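Thank you for making time this morning. I would like to walk you through a model that is probably new to most of you, so please have a look at it first.

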Amino acid sequence: MNLTVNGVTRELESGPLTTLLDVLREELETTSPKAGCEQGGCGACTVLVDGEPRRACLTVAAAVDGSSVTTAEGLGSPDGLAPVQAAFTHHYAAQCGFCTSGMMMAAQAYLDAGGTDDREAIQEALAGHVCRCTGYVKIIDAVAAAARGDSFDLSVTAPSAGMVNLGGVK
Amino acid sequence: MAVHKGRGVAAIEYPTGMNQNGDPSQAWIKVKPDGRIDVFAGTSDIGNGSKTIQSQIVAETIGVPYDWITYDNSNTDSSPVCTGTFASRATFVAGKAVEKAAANVRSKILEIAGKELEIDPSDLDIVDGEVVAKGAPQKKISVPDVAGAATWGYGELITGVGAQLKPYATIVDPETGRVDLPPHSAISYAACAAEVEVDDETGVVTVTRLWQCYDVGLAINPTLVEGQIEGGAMQGLGLGVLENCYPYYPSVEHRGSQFGAYLAPSTEDMPQIDTIIIENPSADGPYGAKGIGEMANNAQPPAIAAAVHDAIGVWVTELPITPEKVLRALEAKEAGAAGPRREGKKVVFDEELSVNTVSSGGMRFEVPA
Amino acid sequence: MKAVGARLPRYDGIAHVTGRTVFVDDVRVPGSLWVKALRSPVHRATITGLDTSKAEAMSGVHAVITWKDVPLLEYGHLSALGIPADEPLLAKDDVRYKGQPIALVAAADEETAMAAVEAIALDLDEQPALFDIRKAFDPDAPVIHQWGNWYPHFEAEMDKRQIRKGDIERAFDAADVVVQGVYRPAAIEHVPIETQSCQVVPEANGRLTIYSCTQALYFSLGVVAAHLQLPLNKLKLVGGTVGGGFGGKVDTATETMCCLLALKSGRPVRWRWTREEEFLCSSTRAPWHMEIADAVTKDGWILGRKMLTLHDSGAYARFSPYGLTKHSFHHTGAYTIPNLHFDGYVVFTNRVPTTAMRGFGVTSISFATETHTSRVAETLGIDPWELRLKNANRVGDTSPNGVAYTDPSTVPVVKALAEGMGVELPAGLKAMTRDPREGDLLPEHLVAQVGNPEDH
């Protein structure tokens, strides 16, 4: 079997029933997809397989033989971030960062399919992705901003809409 | 068969630092020959952003750009003690240790700069990585040049240490709970209002809006503060209406072992979140900051419970407020059995839950009068 | 100010979005063994037989550990705070919760490790279990802990945490109305997206490198060192980057177990909990049972509070006595209540031990007092904003255990909340501040409790 991961094609040694998650994390040492639950319930293992979002923990190697896989490492690099990565940075959509890779891959798929900045549509698209840290608000902000094609000043982070600072109050 | 709207309010307080104190944090800082700053602290970043906050504190205290800071909390060989990232202490207590270490570094830089410029250090300031004479900005030397002078001129390592420890408060009288010292580093405050919609046919409680007000003392990084408030809101919502390790508590049966069986909040559960912060600076925190990490999920459950009562006239005091509990409460209300028992001046709710009812005498809650 | 107050980006933000942040399970050490645990299948039992020989003999199994391998089997994590040890790292004579670890295996791969766990012979004699903290004190309750069913080691060997202030009888006597209620928030899971993970590498110089997801590097270092009876410099904890904790990655045990396996096998070991283990076997937020009776006046003053708290600690004490103490110090919430009678118990049950979770000890109070205060307002027919603002802590008011408040911010946050949500408060409430009580805000019954905020 072979697999192209972030543009590099490799012959696999793993068995056909090895999960794509284990192929990526253990054999190919591509550790951005996370083993958050290995039940298909959290989305932290999400990668793009031939452009489609897939839960790597529920996908076996044999089913993706010959496919092209994109992970967060392949979306962009520190000097050349993809729009969704820049959006997540500027909008502070990642706190602990553990759900971030899977969340961004799902967001990327949403954007690739023509997703707009409609917040309800984004919430629905990401409904199967669990984040425990952020409360999702800034994740939705980030995806909406990326959908709009905003440009991002990475030296600063964006406020949440409607946040009010009343200063000192007696 | 209708959807009813309701609102409820809650006001809370929460201590910063471990209860009774005695929880040290320490930091040490060294300056590289080109003026870049290496910070060693033992605070784990669990997502709260302590690496960021502590780096900001160092940058501000010394007077150098944020991107000159390298922050290393990675191991116990190089990092000194930090009791831990809990008790909302990462900014207030650990951040204070880092601030102290940075202040010591600043003094050292000024001392050497003073020698180089032949100006008394107390007449110098550090702004944006440059040491400048107060009132005479043409007299200056860059921090990199100071660091170079230290390394190759004076044979010195510019370093600073800081430690923060509030002494342990002993309970001097266990019968009353009296202590000999304040048992907290500080106390933080918040208030929350919840708006819910309750469907009286399905029992589902939808939290539609949360207004949250926090006194953060001083927001060292307002974006990170928002992150705590929003993240806490969803955890509070989960505690209030969704999550339970033991769905039939106290029974241990039917525990959820997967997402979907255990209901962690998802994007579909998001209410509109309106965040209000106020800033009444703390006396002791770094730059007047106050802790926020934990109390961010404390105010929502009671605000939601009060909102549910406002909506449908029943009190559910066992969390989470599930559809089953709402429907049972509505049934009891229909049957005229939901109200409190009144006896003299006593208004007694929830008797069926009390130890007086459930235990066979081993524990009682007796109320005077 | 330039850095403080600025919306600067996360220090590790770029690493997060490029998938390069290294969490414990992302560390790759050649030759690592997989770890799996044998866990109790029942809630309470005596262990009558434990035979690991078949597992040890299996091909691919490099080490099996039980309680016998632990130099110091029981170590109280908060022994420095006077909470004695009660829990073995690995079960010895009995098991007290479903999921309790009994033995661990380090093997060449996951399947072998799981097969080895199956091959351990475990004989249990099931015992009646206790699940309801309200019944723990009854004479017919099974006694499930060596200390009895509730923690007896508070100061002066008291078996409860007690707060007494003022004169509770007088308060209830003087009250116009007494409002009573019962509040029971549930156990919930921390649900960090990163499950409990650990890797331990035995180094050439005899040290152990421990890749840990702990929230508290030095706290965990101390716990591991105590169990292993080693000085701190024999261990190096590497971590500080955690995929969510919320209080659930503090009660260190995984690190110690992995150290023992690394020492016994001489190989690096790696343990990543499954999500099932995380949901079913990891420590949880505690369930609480709180009964409150507030003595109040018609015009909305809270004269006194009598309260009973039962803190469900699960099978062992862990941090529960600490949490209950914190709870007791804050049991009046944001309000100044001059007459108090609080009793709190840490109660054992045969469920997974409970631990800290965001707000530890006080989340429960916030739920109970605030729901109760809303109820009191409704019962008295008083505006809930007024009730809160009137009774709110002010500078100089004292806490349940007599500590003067120096900068209570309840009045400001409540007013700011009202303003922020468009609720127009009456002028009298808007004019309130957190300044020391005087005039109408200092009725007779609050005079005695006033303290000096300078005493701090």
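**Chain B and its neighbours**

Let me begin with the surface of chain B, which exposes about 12600 Å², with carbon and sulfur atoms supplying 50% of that area. Please keep in mind throughout that what you are looking at is a predicted model.

Staying with chain B, its fold is made up of 7 helices and 15 strands, and along its principal axes the C-alpha trace spans about 90 × 50 × 40 Å. For a compact globule of 369 residues one would expect a radius of gyration near 21 Å, whereas chain B comes out at 27 Å. Even so, 64% of the 369 residues in this chain count as buried. If we take the contacts in chain B with a separation of 6 or more, 69% of them are made by residues 24 or more positions apart. As for charge, chain B carries 28 positive and 49 negative side chains, and the centres of these two sets lie 4 Å apart.

Now to the partners, and I will take chain C to start with. How many residues of chain C are in contact with chain B? There are 135 of them, and they meet 138 residues of chain B. Between them the two chains bury about 11400 Å², 59% of it on carbon and sulfur atoms. On the chain C side, the residues that lose the most area to chain B are C:Tyr11, C:Tyr218 and C:Arg358, which together give 8% of what that side buries.

With chain A, 32 residues are in contact with 32 residues of chain B, and the area buried between these two chains is about 2700 Å², of which carbon and sulfur atoms give 53%. Here A:Arg132, A:Tyr136 and A:Met163 supply 23% of the area that chain A buries against chain B, more than any other three residues.

Finally, I would like to pick out a single residue, C:Lys298, which sits in the loop between β14 (288-296) and β15 (302-314) of chain C. Is C:Lys298 buried or exposed? It counts as exposed, because its relative accessibility is 62% and the cut-off for that class is over 50%. Leaving aside residues up to four places away in sequence, C:Lys298 touches C:Asp176, C:Leu380 and C:Ile382. The C-alpha atom of C:Lys298 is also separated by 7.1 Å from that of C:Val177, although these two residues are 121 apart along the chain.

Technical notes: Residues are numbered from 1 along each chain as its sequence is written. Chains are lettered from A and ligands numbered from 1 in the order in which they are written. This is a predicted model: local features need pLDDT of at least 70, side-chain atom pairs count only at pLDDT 80 or more; totals for chains, interfaces and linings use all residues. Side-chain values use heavy atoms; hydrogens and water are left out. Helices (H or I, at least four residues) and strands (E, at least two) are DSSP runs, numbered from the N terminus. The radius of gyration is taken over C-alpha atoms; the globule rule is 2.2 Å times the number of residues to the power 0.38. Buried means under 20% relative accessible area, exposed over 50%, partly exposed in between (1.4 Å probe, protein chains only). Contact means heavy atoms within 4.5 Å. Accessible areas come from the Shrake-Rupley method with a 1.4 Å probe; for residues, only the protein chains shown count as cover. Lys and Arg count as positive and Asp and Glu as negative; His and the chain ends are not counted. The place of a charge is taken as NZ of Lys, CZ of Arg, CG of Asp or CD of Glu. Buried area is the accessible area (1.4 Å probe) that two parts lose on being put together, summed over both.
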